[in-house]
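Please look over the protein shown below, and keep its sequence and its model at hand while reading the report that follows.

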Amino acid sequence: MPEEELRELFAQHPDILFGFADIAYSPYAEQYASALVFAVPYGEQLTPETYTEERFEGGIQSARAKLEGVVTQVEGILRRHGLRYWVPPVAQENETELLAPFSFKFAAVNAGIGWIGKNDVVITRRYGPRVRLSAILIDAVFTYGKPFVRSECPDGCTRCVDICPCKALKNRRWTIDTQRAEMIDYHRCNRMRSAFIPKLGRKSACGLCLAACPFGQPAAAAKGEAAHADP
Ligand code: SF4
Ligand code: SF4
């Protein structure tokens with residue numbers, strides 16, 4: 001059974017959160033019934049006290065390297081079972097709409113991995129927003145996670161909103177029907193990060209609104225306060 005094998009694979013990576021989502025909501029639903037979604041913790045779980053942009057970027061890159069290794073292992077299992085699958089690209093297709101073809105974020109919400117915080121990223125109980133997401137669309141049915149439909153951010157928390165240097169976040173509490181434009185002025189965030197290209201040779205990772213989040217601050221993560229998102 002591919003599901004059992006996939007679950008065994010993730011049991012070997014206990015730091016990675018994962019879940020399966022029914023993607024009936026997606027334009028890809030005709031080709032693929034499900035998404036396997038997983039969240040790899042950043043190499044460093046930074047707080048505003050320990051944050052530097054370079055360390056933040058380094059944490060993202062080390063999570064990416066680990067994630068790519070896991071994708072390869074998942075592909076091996078899917079191929080062995082003759083299942084049709086697709087690994088959607090992470091990157092936005094253009095700088096106008098700033099949207100990826102398949103939203104890992106929305107799939108993560110539907111897989112029960114986390115909800116969307118006021119910083120417009122997925123918040124997991126174990127790591128807060130300090131994770132890199134990936135998803136693989138698969139033409140098979142699995143045991144699905146329980147989708148999040150509303151924010152579990154503490155009432156009145158505005159740490160991410162307050163720390164944003166360009167005031168891109170709109171202090172909006174998320175529910176499943178909330179649109180991205182109601183949460184964040186993404187162009188404003190993108191402009192601020194793009195302004196660093198001449199200096200860094202890339203956009204600034206920024207991520208201050210992730211470092212500020214109380215969920216998954218390193219002390220909480222060390223105690224293992226949250227379990228896997230899978231049922
Ligand atoms: S990444 Fe930086 S600029 Fe963008 S919303 Fe977060 S804090 Fe603001
Ligand atoms: S800082 Fe507070 S409001 Fe922002 S995502 Fe984290 S818990 Fe939610």
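Leaving aside its neighbours within four places in sequence, which residues is Val 37 in contact with? Val 37 is in contact with Phe 18, Gly 19, Ala 21, Phe 104, Ala 107, Ala 108, Ala 111, Ile 113, Leu 133 and Ala 135, where two residues are in contact if their C-beta atoms, placed from the backbone, lie within 7 Å.

This is a predicted model, in which local features need pLDDT of at least 70 and side-chain atom pairs count only at pLDDT 80 or more, while totals for chains, interfaces and linings use all residues. Residues are numbered from 1 along each chain as its sequence is written, and chains are lettered from A and ligands numbered from 1 in the order in which they are written.

**Overall form**

The protein has nine helices and six strands, which are DSSP runs numbered from the N terminus (helices H or I, at least four residues; strands E, at least two). Its radius of gyration, taken over C-alpha atoms, is 17 Å, which agrees with the value near 17 Å for a compact globule of 231 residues, by the rule of 2.2 Å times the number of residues to the power 0.38. Of the contacts with a separation of 6 or more, 70% are between residues 24 or more positions apart.

**Core and strands**

Buried residues make up 36% of the 231 residues; a residue is buried if 20 or more other C-beta atoms lie within 10 Å of its own, exposed if 12 or fewer, and partly exposed in between, with C-beta atoms placed from the backbone. The largest nonpolar core (buried Ala, Val, Leu, Ile, Met, Phe, Trp, Tyr and Cys residues joined through C-beta atoms within 7 Å) holds 59 residues, and Val 37 is one of those that touch the most other members. Among the elements that give two or more residues to this core are β2 (34–41), α2 (53–80) and β6 (131–138).

In β6, eight of the eight residues are buried. In a regular strand the side chains alternate between the two faces of the sheet. On one side of β6 lie Val 131, Leu 133, Ala 135 and Leu 137, and on the other Arg 132, Ser 134, Ile 136 and Ile 138. β6 pairs in the antiparallel sense with β2 over eight bridges, and strands count as paired if DSSP finds at least two bridges between them. The bridge partner of Val 37 in β6 is Ala 135. Two bridges also join β3 (residues 85–86) to β6, again antiparallel, with Trp 86 opposite Leu 137.

**Two positive phi values**

Most residues other than glycine have a negative phi. The table lists two residues with a positive value.

| Residue | Phi | Loop | C-beta neighbours inside 10 Å |
|---|---|---|---|
| Asp 120 | near 65° | between β4 and β5 | 24, buried |
| Lys 167 | about 55° | between α4 (159–163) and α5 (180–183) | 13, partly exposed |

**Ligand surroundings**

A residue is near a ligand if its C-beta atom, placed from the backbone, lies within 6 Å of it. Residues around ligand 1 include Asn 119, Cys 164, Cys 166, Cys 189, Cys 206 and Cys 209, and α6 (186–194) and α8 (208–211) each supply at least two residues of this shell. The shell around ligand 1 divides into ten nonpolar, two polar and no charged residues, where Ala, Val, Leu, Ile, Met, Phe, Trp, Tyr, Cys and Pro count as nonpolar, Asp, Glu, Lys and Arg as charged, and the others, Gly among them, as polar. Around ligand 2 there are 13 residues, of which Gly 117, Cys 153, Cys 157, Cys 160 and Cys 213 come nearest, and that shell has nine nonpolar, two polar and two charged residues.
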